[in-house]
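Trainee: I should like to understand how the descriptive terms applied to a structure follow from its computed values. May we take them one at a time?

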There are 2 protein chains.
Amino acid sequence: MTANQTREVLIALRRIIHAVDLHSAALTQTVGLSTAQIFTLQTLADAEHPLSAGELAMRIDLTQGTLTAILDRLERKSLVLRTRGQDDRRKVLITLTDAGRQVLADAPPLLQQNFTRAFSRLPNWEQSQILSSIQRIAEMMHAPPPPEAASLLDAPRDRTDTPPPLEAL
Amino acid sequence: MTANQTREVLIALRRIIHAVDLHSAALTQTVGLSTAQIFTLQTLADAEHPLSAGELAMRIDLTQGTLTAILDRLERKSLVLRTRGQDDRRKVLITLTDAGRQVLADAPPLLQQNFTRAFSRLPNWEQSQILSSIQRIAEMMHAPPPPEAASLLDAPRDRTDTPPPLEAL
DNA sequence: CAATATTGTTTTGCTATCAAAGTAATATTG
DNA sequence: CAATATTACTTTGATAGCAAAACAATATTG
């Protein structure tokens with residue numbers, strides 16, 4: 001039964017990823033900027049200090065190679081500026097241009113309005129539960145490689161516990 | 001606070017998507033097949049009857065154009081066969097080759113073992129809760145365009161309800 | 001039955017992603 | 001201080017994904 005659940009998780013994830021992609025494509029059509037590009041601008045705007053390319057990549061969870069391409073496009077549109085670091089000239093500091101700030105101010109939400117609306121209507125406890133669930137998934141995926149061994153002794157049993165006391169929520 | 005939660009959802013989703021991408025890249029390295037390709041093979045294997053390209057695309061939640069490229073690669077590796085439909089020659093029927101079936105039998109799981117292991121160790125109620133949360137997200141994203149109007153009257157209030165009775169779980 | 005519409009797939013042009021290799025600048029060490 | 005290692009970024013070559021246009025075959029209709 002557990003294997004089945006995992007498969008269902010995968011399917012749900014694929015549907016979500018698909019939806020996010022669709023929205024990104026739609027944004028590209030209407031705004032001329034993709035989700036990744038807007039997210040990049042937003043992260044720059046929120047930063048307390050100018051970010052280097054590598055720092056930025058880490059914050060938005062992308063490899064540097066991927067970010068380079070995104071910056072290329074943002075720079076081509078003059079929304080972002082690349083400057084070599086003064087102290088360390090290997091670094092490339094990224095700053096928002098005024099145009100970038102402007103575009104960002106007008107940018108639509110990064111998740112479909114469908115979702116944003118529906119989600120915002122949920123009672124708070126439910127929002128929290130959903131958020132905590134996907135954060136859980138994210139953690140489990142990024143989890144450190146298993147502490148080796150110990151794999152046979154505590155093999156996954158098909159536990160059928162009862163829910164925890166309410167305090168756990 | 002709600003807007004904030006939405007942003008956190010987005011961030012968690014991006015981390016998950018990133019992890020899935022990384023795993024797909026790893027699969028490509030080790031097995032020579034990406035997640036999308038394996039998932040395609042699996043869907044073919046599970047089907048009760050030969051699928052047309054369009055039918056397949058729908059089942060794996062992709063556009064036809066995207067699927068065409070995936071099929072190109074699978075066909076190049078002789079894992080899959082394209083045949084024109086006999087009754088309706090517009091259709092392209094996809095069938096697994098023996099090699100395809102073989103490869104599929106040896107294929108590793110489509111989500112990182114980290115995740116699969118961690119998830120399978122969770123108590124059942126927790127697995128269900130997580131699954132239901134992401135299915136919820138998927139639904140909200142695919143939800144039909146809003147029934148128009150009514151947008152000001154039932155604007156999203158920042159409700160602070162208490163959790164529901166346990167029966168709701 | 002010929003013109004038009006619909007349906008099914010592929011093609012094209014773009015963005016996003018990754019890994020790995022390449023380049024340039026800084027840091028370390030013998 | 002010169003050789004080597006490390007760090008920061010870009011380039012390259014794949015795959016995946018979309019929309020829109022092209023193409024090909026079937027269905028409909030006047």
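Trainee: How do the residues of the surface near DNA strand C divide into nonpolar, polar and charged?

Mentor: This is a predicted model, and in it that surface comprises 9 nonpolar, 13 polar and 8 charged residues. Among the elements that each supply at least two of these residues are helix 2 (35-46) and helix 4 of chain A, and helix 1, helix 3 and helix 4 of chain B.

Trainee: What makes a residue count as near DNA strand C, and which residues are the closest?

Mentor: The criterion is a C-beta atom within 6 Å of the strand. In total 30 residues surround DNA strand C, and the closest are Ser34(A), Gly65(A), Ser52(B), Gly54(B) and Gly65(B).

Trainee: Which residues are the closest to DNA strand D, and which elements give two or more residues to the surface near it?

Mentor: DNA strand D is surrounded by 30 residues, with Gly54(A), Gly65(A), Ser34(B), Ala36(B) and Gly65(B) the closest. Two or more residues come from each of helix 1 (2-30), helix 3 (53-59) and helix 4 of chain A, and from helix 2 (35-46) and helix 4 of chain B. The division on this surface is 9 nonpolar, 13 polar and 8 charged.

Trainee: Why is the relation between chain A and chain B called a two-fold axis?

Mentor: Two copies of a chain are related by a rotation about an axis and a shift along it. Here the rotation that superposes chain B on chain A is 180°, with 0.1 Å of shift along its axis and an RMSD of 0.1 Å; that is therefore the relation of a two-fold axis. The same surface serves both copies, as 100% of the contact residues of chain B recur in chain A.

Trainee: How many residues does the contact take from each chain, and how does the side of chain B divide?

Mentor: Chain A and chain B each contribute 53 residues. On the side of chain B that touches chain A, 28 are nonpolar, 16 polar and 9 charged. Helix 1 (2-30), helix 6 (113-121) and helix 7 (124-142) of chain B each supply at least two residues of that side.

Trainee: Why is Ser78(A) called exposed and Asp61(B) partly exposed?

Mentor: A residue is exposed if 12 or fewer other C-beta atoms lie within 10 Å of its own, and buried at 20 or more. Ser78(A) has 12 and is therefore exposed. Asp61(B) has 18, which falls in between, so Asp61(B) is partly exposed.

Trainee: What makes the phi values of these two residues worth noting?

Mentor: Most residues other than glycine have a negative phi. Ser78(A), which is not a glycine, has a positive phi of about 60°, and Asp61(B) has a positive phi near 65°. Ser78(A) lies in the loop between helix 4 (64-76) and strand 2 (80-84) of chain A, whereas Asp61(B) lies in the loop between helix 3 (53-59) and helix 4 (64-76) of chain B.

Trainee: How do you know that strand 3 of chain B pairs with strand 1 and strand 2 of chain B?

Mentor: Pairing requires at least two bridges between the strands. Strand 1 (residues 51-52) and strand 3 (residues 92-96) of chain B have 2 bridges, in the antiparallel sense; there, Ser52(B) has Leu93(B) as its bridge partner. Strand 2 (residues 80-84) and strand 3 of chain B have 5, also antiparallel, and Arg82(B) has Ile94(B) as its bridge partner. Both pairs therefore satisfy the requirement of at least two bridges.

Key:
Residues numbered from 1 in each chain as written. Chains lettered and ligands numbered in written order. Predicted model: local features only at pLDDT ≥ 70, side-chain atom pairs only at ≥ 80, totals over all residues. Helix = DSSP H or I, 4+ residues; strand = E, 2+ residues; numbered from the N terminus. Contact = placed C-beta atoms within 7 Å. Nonpolar A, V, L, I, M, F, W, Y, C, P; charged D, E, K, R; others polar. Least-squares fit on C-alpha atoms with pLDDT ≥ 70 in both.
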